[in-house]
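Welcome, and please have your viewer ready. We will go from one selection to the next and look at what is there.

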Amino acid sequence: MTYSSYEDRIVRLTDPKDPRVADYTSLTDVALRRKIEPERGLYLAESSKVLRRALDAGHQPRSFFMAEKWLEDMPDILDAYDVPVFVGSDEVLEHITGFHLHRGAIAAMHRPAPLSLTDVLASARRVAILEDIVDHTNVGAIFRSAAALDVDAVLVTPRCADPLYRRAVRVSMGTVFQVPWVRLEHWTADLQAVKDAGFLTAALALSENAVTVDELAAERPEKLALILGTEGQGLGDATLFHADRHVIIPMSHGVDSLNVAAASAVAFWETRPR
């Protein structure tokens, strides 16, 4: 299908309170975004690189939002989708979003339909499970490592931060669109579903009976699910009880642990399929 030139769909903004850009209002207000994004079935893709990855994954835009200087960077995308293109001065856009827009375009995107846990597990060999990791930066960084290091899917517990929150998407460099992920509904009951699908479940935790990550890798499990917990509190007691293995990354110089995103990259690399 051929659409009209994007130039016919440009809406030049002069009023920061314009109701047509409500999707982009006060993006620095975390509580507001947590409430609105799932409710409206939208997420926000920030920067042209991230936006292109979202569109390559088949996600559909609701609108585009940018300073005029960025129009010339993406005419192919703007022409391909019959949606509004909101354009304004840096001052007007900053007033709307609450921050200086220096990464190019933002797009309000329709959220894709949730994936089935059964279907995702059926085609995976390596899975990461994120238990209650509430920091969006960590979630985005873990997805980036998962995409780079052959993790086939990511499962997130009910209280884990949203992988499609704007900051998580940005930190992941759009890899949240490349790695299939599922929001679990019944944690830790869903852990049994992972085990029933043939996965060895390994919880990264400082435990007296833990094996090292290289010892786990030496077992060469056909299917492996690595469970990562929030910093500070770590994994829950029920998770530790039901996991098949407890795993540690050996440390030097008295350091007891790594940031969870850094730990994920080490564990993904060491246990990658061989």
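On this tour, a contact means heavy atoms within 4.5 Å, and a residue is buried when its relative accessible area is under 20%. Keep in mind that this is a predicted model.

**Start with helix α8.** Select residues 189-196 and pick out Asp190, Leu191 and Val194, the buried residues of this helix. Where do they sit around the axis of α8? They cover an arc of only 110°, which puts them on the same side of α8. In general, an α-helix has 3.6 residues a turn, so residues three or four places apart point the same way. Now turn to the face of α8 that looks away from the buried side: there you find Ala189 and Asp196, both exposed.

Next, show what covers the buried residues of α8. Among the covering elements are the helices α5 (117-122) and α10 (237-242), along with the strands β6 (126-131), β7 (153-156), β9 (200-204) and β11. Before leaving, click on glycine 198, just after α8, where phi is positive at about 95°.

**Move on to helix α11.** Select Val260, Ala261, Ala263, Ser264, Ala267 and Phe268, the buried residues of α11. Looking down the axis of α11, you will see these residues fall within an arc of 155°, so they line one face of the helix. Their cover includes the strands β6, β9 and β11 as well as the helices α6 (136-148) and α9 (213-218).

**Now the second largest pocket.** Centre the view on Leu204, Ala205, Leu206, Ser257 and Leu258, which lie nearest the centre of this pocket among its 25 lining residues. The pocket holds about 500 Å³ of space. Which elements supply at least two residues each to its lining? They are β11 (224-229), β12 (245-248) and α11 (260-270), and β11 gives the most, with 3 residues. Colour the lining by residue class and you get 16 nonpolar, 7 polar and 2 charged residues.

**Finally, zoom out to the chain.** Switch to a cartoon view, and the secondary structure comes to 11 helices and 12 strands. Along the principal axes, the C-alpha atoms fill a box of roughly 65 × 40 × 30 Å. The radius of gyration is 21 Å, which agrees with the value near 19 Å for a compact globule of 274 residues. Colour by burial, and 49% of the 274 residues count as buried. For a contact map, take contacts between residues at least 6 apart in sequence: 78% of these join residues at least 24 apart.

Technical notes:
Residues numbered from 1 in each chain as written. Predicted model: local features only at pLDDT ≥ 70, side-chain atom pairs only at ≥ 80, totals over all residues. Heavy atoms only, no water. 1 Å grid on protein atoms, 1.4 Å probe; cavity = no way out; pocket = protein on both sides within 12 Å on 5 of 7 lines; lining within 4 Å. Points joined across faces, edges and corners; volume = space filled by probe spheres on them. Helix = DSSP H or I, 4+ residues; strand = E, 2+ residues; numbered from the N terminus. Nonpolar A, V, L, I, M, F, W, Y, C, P; charged D, E, K, R; others polar. Buried < 20%, exposed > 50% of the residue type's maximum accessible area, 1.4 Å probe, protein only. Arc of directions from axis to C-beta. Rg over C-alpha atoms; globule rule 2.2 N^0.38 Å.
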